[in-house]
Structures are given as structure tokens and as C-alpha cells.
Amino acid sequence: MPTVTIDGCKVEVEKDATILDAAKKAGIWIPTLCYHPAVSSDASCRLCMVELDRGDWRQLVTSCNYPVRRDIVVYVSSERAQRARRGVMELLLARAPESQELKVLAERMGVTETRYPKVTESQRNCILCGLCVQVCDEIIGQAAISFAGRGVDRTVAAPFRQPSEDCIGCGACAAVCPVGTIKVRIYQDQQEVEISPFKSRAKLLVCQQCGAPVVSVPVSEQVLDKVEMNREEFRERLRLCPRCRQLQTAAQLGAIMVQKK
Amino acid sequence: MIQNDKLIEQIVDRYDKDVGMLIPMMQDLQAECGYLPVNQLRDLSRQLEVPLSRLYAVATFYASFRLAPKGAHEVTLCMGTVCYLKGAPSISEAICREFRVEPGGTTRDGLFTLQAVNCVGACAVAPVMLVDGKYYDNVTPTSAIEILYSLATDKAIAEKEAET
Amino acid sequence: MTGLGNTRLCGPADLERMRQELLSRRVPSAKSVHVCTGPGCAAKGSPKLYELFCAAVSQAGADVQVQAKAVGCHGLCEYGPIVLVQPGDIFYQRVEEPDVAEIFRETVLGGRLVEHLLYENPATGQKADTVDKIPFYKVQKRIALAYNGLIDPTSIEDYIAAGGYTALPKVLNGMGSEQIIEEVERAGLRGRGGGGFPTARKWRSCRQAQGSPKYVICNGDEGDPGAFMDRAIMEGNPHSVIEGMLIGAYAIGSSQGYIYVRNEYPLSVERLKQAIEQARELGLLGQNILGSSFAFDIRINRGGGAFVCGESTALMASLEGRPGEPRAKYIHTVESGLHGKPTNLNNVETWANVPAIINRGGEWFASIGTEKSKGTKVFSLVGKVVNSGLVEVPMGITLRQIIEQIGGGIRDGKHFKAVQTGGPSGGCIPAEHLDARVDFDELTKLGSMMGSGGMIVMDEDTCMVKVARYFIEFLQKESCGKCTPCREGLAQMLHILNRITAGEAEVGDVEELGVLAELLEGTALCALGKTAANPVISTIRYFRDEYDAHILDRHCPAKECRGLFRYEIDPEACKACGICMKNCPEDAITGEKKVPHVINQEKCTLCGTCWEKCPFTAVLKV
């Protein structure tokens, strides 16, 4: 098993583990944005840069996807590595000045402001990390959204910027978005869920008791496909929201207790 | 033009349903229709079993793809280094001003679509303009506008001949 | 085409028989007219000349032994359309349609020269009748371009008769993989696409990699603006690329190849397609090549219009039907490339050199060039030179030799200011370094790089800040947008350069550009982003005074940046014709008859109309 000497601290990792894995093991924090354990690492945000010792020179590499195959020496806190990470963060702050999450992360890195003016447009603070696209494709399997355009005109969008037919309203994209761009909106009256900003909508199953949203119809259908369960039984379970079901169960238990007495 | 509902089938068959040949497939589709119609792309997505979002990503990534119909003629201005140094921007400006069109756009009357391209490889005779694949070398703002006006005249002549 | 039936060749002996048959049909006294249809000449209408010559040939009668050929880029594009008459290598330049009859009558039939079509050296006034007497060609050494101008690129018979497909049977007849790789290693061949990576090392790594199938790719994406070397090879001698790939595939153990041609080169696609079909017909591609157990075939893919697809991992993404986004190369593509399989990618010119290396030996190749850069390199010499076109020279030749001896110096009586090499990844080199030797390493030391071979010559009328701005704008448009530093950083650099060229710069802007350059170099994901700042950094290094003038004085010394220079009328040259006054949209010019006109600087909007219209060049840029 190769050893990673990271800021002087030696840790052993499995072959093909990443420098980021080693850092976590060593208890050393490296900022990340586009990294998520559930999906593959594209290393597109370039925030997690560290210096790799190459003998007579040092190479800046991204820690989230650099595979450790032999003993290596890594510097996280070196002057050059810090300058690189801060530089990237400053560019991101210029792009998405209104994201609270980004500001919090920047502060933790020691970056309180950016020297750059805003010269690119972002949709509601989107930093193009791609986690939403990856989750929808790799984990959910719907691939309802993708990158569109190129360069500074790159955006995340549903095909033809129309509400996507493949979106199942699960909200996984909103769950992974690190900067609060994607939001799940419930429209009570129409019994619909909308994933904003893609405007994709799906019908909701609502609690037959209190009307609270339970789950989107397409998600329930997908789950039904993947889980071995009787259709009727499954539908029955979705009739009530968790809270109402608790109350119902409590009431049933109470009735049994009364009967027993 | 091949019957629409068979078109995608033909294209997919041509490349043995190989997803790696998606770009050539889309190029064939665009060659046939002049642009990439949404419904054809949906069809392609279904037949290839590839998410529509991927086709959209590819269609919007590569500069040669169009999601809207183009003009009768395709005018390409080379913006490579040598053409640029020899005045291509002022040619572009002149054309845009004269015909009221933006680079990448189509003139109102649908006469031509103006594209800027990064180097067509004829640097020794810069600045270079192509009209429907035909090369014009050493163009100037004046000569470029003349060439484009002659397209309009050709069109008028062709229409007149069609009428008689 | 030649009535040989083009039946499948069953073995090397068959091929040799075919070659001898083709050569025996050659009549020594026969004349041949070669019309260049390379990009430059074709743009000037040379295909029509070829048609006219064909007509003349067919009218000449059966007893006259003459043929007409359309050939690939010969190189001296500036003087095109070029027509060569063989035997004798007679060189005619700037040939027009009415000249066809004269050439045919006088030279082809009569054996006399047509004086007014001969090349005349502008410096000495001397005329040259043959190619070797023209300075542009004298200094060149042609390996990759050897057959350009000689063969008809649409004829596999021409290629075979000229000696093509000699290396392939040699390889199949008993050279093992390691032997082939060693020969290429002895040659010292390095990638010609810009990276300069040792080719043999790449082949060996791919051969040793685990996984199957293995792929070989030819990168024909040639995106560098100003470069058309690969185009000239693909269109002028496509079989050299195919033969090179066959040899490489055999050495690596691959049976599937791809040639990725940029979308803007439809003729290259056509020629390659034709060449591949011809090769298949003869059994030089497909199963059991030349009777061996080697199988290999090639597929052609067109790009979709993205400069970034010249980057190897982006190209492979494109071949997988995805947007051309590069990926990390911590695991090399020779290990995991196309579809996650071992893949060997080489540039067009690299492949084109392979047959010659196998035929004449690695030692021969290594005898040309410098210690670390062997062989020759094709350059596109363009811009403000007298002789612009395509040249192939031994590595180690100096910039001065290329620009002055071959290029004929600067045109229009101007002076050399800089030469931009290496495309958007390269930099600008000033006059003080004209004696630098051109190879993979020397230009890099000077802050540029040899790159794929683009060489753009600039004179004193070129604003170097504007050049930097042009490249950054180009790269920003072509950036895939995946990584933060390239996407956001280039936008920030462009923003600064826009301010500088508009006269709205701030002190500290140059330092800011430096900070951004360092950030891009260190953190960008791919080579496009990492080298993107080179044009800016090299122009700051050598032309800092121009940046300072723009920033501190709001003045453009080259007088290119609108608003940063003035127009003034030279009272001594002005003939008071009144044209400028009539055309001025702001009525900013005053003057009466016989009195030199004057521009009112307050009213002047710097549109430049007066400068364009003045017939006496009395309007000066100041």
C-alpha cells in the first residue's frame, strides 16, 4: 500500500485512492466544490489544488482525482498551493457574488474578497461544478439536464431550455448543489413540484389526510419499478404523509389498547 | 428530401447505431435539413437510446451545429490570425452593417447566414471569405459586400426564371 | 484509373509487380503538367486551370505523350497559381487562364520557356526557370512534403509508382514490433502537433499497456489559426498518413484507426476517404493485409467546429459522441484513452514521416536536425513576408534563415517586428532573437514554442497588445468552459486587455495579467488553458513599452488601436483635392482650394475614412 506524505504527515492508502482520500485520513482539510463521494470526479472547479513533489520541481495537481500509485509527497499548505486555491476562489467569487455558501467556504480558506470584477454571467450563482448533471445521470439515471453551450456561455440546462420530460422531480440536483442555485419548489394548489431554474415540473402525490406533499408521481413509479412490492400495497403506503401515518398508527394502537381493556 | 420519419432510421443504420458516431450522425441530419430540428433530435435520442440532454449538449457545444434554419447561402468569414491581421474584423463589421445581420445569424430575408470561423487554412491568400464552400481570396469590405449583393441578384434572376 | 483493374494484392510480390508495371508504362520522353491545387492556389482558381490543361491534353492527339495532373500544395502560395512542367521541374507562377494555351504550346509541345510566367527574385531581378533556382525552395528539405507537387493525391497508383507503400511490405515481411519501435526511436521522431513527445516512447507504452482493443488515432484537427501544414499533407499526399498509421498500428497491436479531421477541411475529408477506399480495394487496408495476418482499417470522423478538440482527450471525447471536453491526464491515454482503451494519438505530420523513416532508416532521419530535435518540420510561413506559403526545413535552421532567405524578408518595404510561433499556445519573438535556432526546445526558452508550425510574421504596423488581445479573445471563444481558471480567467484577461486597447487601462493592469497568467498555468485542466497566457506574457516580456504607452500615455505606438492615435494631414503631401473633406461624416476637415486641409481633432471621431480615401497618402496616423 503506497504512503502519502502530506504536509509532513504520513498516511497509508489503498492503491488508486486519491490524494483527497489521503488528506481526509490525515485530518487535513482541502476545500472542494465539484467533488462529491457519490459521483465520479471531474476535477473541473480546480479548487482542491495541491503541490506534488516531483524531485527537482513541484507540480500543481487536483487532489480529488489524482490516483496514488506509489509513495508520494504532497504539500497542501505551501505558499504556491495556497495561492493557486485562493486565486481560483477569487475567480469564483467574481462570478457568483451573491452566493452565501460560496462566501462561507471562501472565508474558511482565508479569502474575504475578490480583486476581480464580475465579467461573466451566471444563472443564480451557478459555478458550473456539474454535480447536478452528474447526479442526475450517474445516480438517478434520468439525465434530465446537461451542460449546454461552451466557454463563458456554458450553462446547465434542460434540453432546448424547455421543462424536461425526463425529470422526475426527485430533487437530487438541489440536494447536491453546493451554492444554492437549484431549488425545489412545491406548488400546493396544483399539486406539483418544480425544479427551479429548469422549470421542470412533476405531479405530486399528496397526503390524503392533510394534503402535504409526499413524493412526486414519477419517483414513486420509478421506485415501484425497482422495488419488489405489490402495487396496491405500495400505493397504500403512499396515501399518507409520514406524520399522518404516525398519527394513524398511534390511533390504531390506541384502539387496540382500548379493546384489550 | 428523404421522408422525415425514415430519415433518422436511415442515419442511425448508416452508422450501425454506433453512439461514438453521434457527431457524424448529427452532421448528416443537418446536411439534410439545413439545421437540427427538435423533433428529429428527439427521434434520434429514442432510436440511439441516448438521453436527449446529451444530444442537446453536443448540439450546443460544437460551433457548426445550428438549431434554427439557415439562410439560402452560407457565408463564412475566416477569423484566423492572418486574416485578422489583414482586416477581417472590418470586413465583418461592414457586412453586418450593410445587411443588418449579426455573426452567427441570418439576414431577415433569409438570403444568407453569416458565420465566423477560426481559420480555413488558406492563410497565404488572406483575408478569405467562403460562400457556399467557394473560396474568395484577398477580400476587402467593398469586394465582400459586392459578392454578397450578387447573391441577391442571382436569387432574383433565378426566381424570375422559375416564374417564366 | 490506369486499367490495372485494381484487384486485391495478395502479397508483397504482387505489390512490387504492380509498381514495376506502373513504372514500365512511363514513357521517358513524356511531358507532364502539374497544376497545384493546394489551399492557396485553389482559392485563386487553379482547379479551372487544371481543367483547361486536361482539355488541351485530350485535344493534343494520340501521338503526343503528355498528361495533366492536379497536385497537392507545392508551397509558394504567395505566387500561386503554380504550374510545374516535367521533366525539368520548370516553374511557372501566377498562371492565369489565358496562359494555359501559351504554356501548352510553348513549353509542353515546343520545349521553350514562357518568360513572363517565370519567377523573378524581387531583390535581384533574376529570373529562375526551375524550382531549385528559387531561393524559397533551395534551403528546404522535404520529407513530409516530398511528394507534394509530384503526385496526384487522388491516385494510389501515383503514390505506389513514386515509391509509396514500400515501407509497409518491409514491415510486414519481417520486422517485429520492437524492431519497428526501435527504428523510430533511432530516428528520434518527436510529435509534430506541438507537444513534441518522443513518438517511439508513446508507441512502446501503448504496446505494453493492458487492454484491448487498442486504437490509433490521427489528429487532423489543425486548429491553430495560421497553420495549414496538415491540410497540405492530407490533401496533397493522404496515403503517406495511411501508410504511417498502418506501420504504427502494426507495431502497437491495433486493428482500428481513426482520422479526426476538423470540420473546416471538407476537401481533406474527401481526399482521405478516397485514399482509404483505394487502399481497401488493393487490400492494403482491411483483413489479411498483403497476405499477412495483420488486419487494420481506418474510419474518418469530422470535427464539429471546436478548437479544443485538437487536445487529445477532447478529441477522444468527440469520438465517443460527447462534447469535446478534455479530462485529467494523470492516467495517460496510452493506458486508458478512447472508450477507456489503450490509445495512441499522433499528428498528421508525425504519421507522414513514418514511412520515410522505415524506408531510409532511423539513422538517416537522425542525421538531419539538432541533437534533441531530429528530422525536418513543416512550417506555414505567413503574414507580412514576401514569400508566404508552406516550407519544410531541417530542425535547427534559424528564424532569420526562414524569414529572410526563404521568406524573402518583409513585404512592402516595412521592417520586421516580431514572429508569432506556436499558435495560441505560443508567443511572439522579436528581432533580437532572429538568430535563434528553430526546434522543440530553443523557442520555448524564449517564451514561445515551435508548436504545430504556424509562423506569423509581423511588421511595425502591428500593435502587439492587440495581437495579445486577439489570441485571448480566440481562446475565450474556444474554451470548453469546464474548468474555472480557463473559463473565468480568460474572461478576466480579455476584460483587462479590452480596457488597455480602449485607452481605459489602470496602472497595475500588466501585473494583474501576470497574476492571471500564473494562475492559468498552474491550475487549468488542459494544455489549452495552461498555455493560454503565453501570447500575453511573451508580448509583455518583449514589448512592455507598447503596453506602457497604452496604459500610461493612452497611445498606441503602432497606430492600430482606435482612439489611441490621431489622424493628421501632412501639409506637404496634401494636394487640397477635397476628397477627405467631402467624405468626413463629422465635417471635421476644413480647407480651401490649394490650401492644405486640416483635421479638427475635437470633432474627429477617428473613423479613418479620410485615411482610406486620400489618394495621395497625405493623411498620417500619429
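**Exercise 1. A salt bridge in chain A**

Task: Find the acidic partner of A:Arg239 and work out how exposed the two residues are.

Solution: Start with the charged atoms. A:Arg239 makes a salt bridge with A:Glu236, and their closest N and O atoms lie 3.3 Å apart. Bear in mind that this is a predicted model, so each distance here is a computed one. Next, check the accessibility of each partner. A:Arg239 comes out at 30% relative accessibility, so we call it partly exposed. A:Glu236 has a relative accessible area of 39% and is partly exposed as well.

**Exercise 2. A salt bridge that spans chain C**

Task: C:Asp441 and C:Arg190 meet in a salt bridge. Where in the chain does each one sit, and how many residues apart are they?

Solution: First the geometry: N to O, the side chains of C:Asp441 and C:Arg190 are 3.6 Å apart. Now place them. C:Asp441 is in the loop between strand 14 (427–430) and helix 17 (442–445) of chain C, while C:Arg190 belongs to the loop between helix 8 and helix 9. That puts them 251 residues apart, so the pair links distant parts of the chain.

Then look at exposure. The cut-off for buried is under 20% relative accessible area. C:Arg190 has 15%, so it counts as buried. C:Asp441, at 28%, is partly exposed.

**Exercise 3. A network in chain A**

Task: Which residues are joined with A:Arg201 into one salt-bridge network?

Solution: Begin with one pair. A:Arg201 bridges to A:Glu194, with 3.5 Å between the closest N and O atoms. A:Glu194 is buried at 11% relative accessible area, whereas A:Arg201 is partly exposed at 32%.

Now follow the shared partners. Salt bridges join A:Glu192, A:Glu194, A:Arg201 and A:Lys203 into one network. For the wider setting, a search over all chains turns up 58 salt bridges.

**Exercise 4. Which side of helix 8 is buried?**

Task: List the buried residues of helix 8 of chain C and say why they share a side.

Solution: Step one is the list. Helix 8 covers residues 177–187 of chain C, and its buried residues are C:Ile180, C:Ile181, C:Glu183, C:Val184 and C:Ala187. Step two is the arc: these residues span only 155° around the axis, so they lie on the same side of the helix.

Step three is to ask what they pack against. In chain C, the neighbours are helix 7 (167–172), helix 9 (199–208), helix 11 (238–252), helix 14 (348–360) and helix 15 (362–366). Finally, see what comes after the helix: C:Gly188 follows helix 8, with a positive phi near 75°.

**Exercise 5. Where chain B meets chain A**

Task: Describe the interface between chain B and chain A: how much area is buried, and which three residues of chain B supply the most?

Solution: Start with the area. The size of an interface is often given as the accessible area lost when the parts come together. For chain B and chain A that is about 1100 Å², with carbon and sulfur atoms giving 64%. B:Ser53, B:Tyr56 and B:Phe61 supply 49% of what chain B buries against chain A, more than any other three residues.

Now the residues in contact: 13 from chain B and 14 from chain A.

Next, the polar side of things. There is 1 salt bridge between these two chains: B:Arg42 to A:Glu165, with the closest N and O atoms 3.4 Å apart. You'll also find 6 residue pairs in polar contact. Helix 3 (38–48) and helix 4 (52–61) of chain B each bring at least two residues to the side that touches chain A. Helix 4 gives the largest share, 6 residues. By type, the chain B side divides into 10 nonpolar, 2 polar and 1 charged.

**Exercise 6. Where chain B meets chain C**

Task: Do the same for chain B and chain C: how many residues does each chain give to the contact?

Solution: Chain B gives 34 residues and chain C gives 50. Between them they bury about 3300 Å², 57% of it on carbon and sulfur atoms. On the chain B side, B:Phe61, B:Thr81 and B:Asn118 supply 18% of the area buried against chain C, more than any other three residues.

Move on to the specific contacts. The 1 salt bridge across this interface pairs B:Asp18 with C:Arg299 at 3.5 Å, N to O. There are also 17 residue pairs in polar contact. In chain B, helix 2 (22–33), helix 4 and helix 5 (81–85) are the elements that give two or more residues to the side touching chain C. That side divides into 23 nonpolar, 7 polar and 4 charged residues.

Definitions and conventions
Residues numbered from 1 in each chain as written. Chains lettered and ligands numbered in written order. Predicted model: local features only at pLDDT ≥ 70, side-chain atom pairs only at ≥ 80, totals over all residues. Heavy atoms only, no water. Buried < 20%, exposed > 50% of the residue type's maximum accessible area, 1.4 Å probe, protein only. Helix = DSSP H or I, 4+ residues; strand = E, 2+ residues; numbered from the N terminus. Arc of directions from axis to C-beta. Contact = heavy atoms within 4.5 Å. Buried area = accessible area lost by both parts, 1.4 Å probe. Salt bridge = Lys/Arg side-chain N within 4 Å of Asp/Glu carboxyl O. Polar contact = N/O pair within 3.5 Å; in protein donor to acceptor, adjacent residues only side chain to side chain. Nonpolar A, V, L, I, M, F, W, Y, C, P; charged D, E, K, R; others polar.
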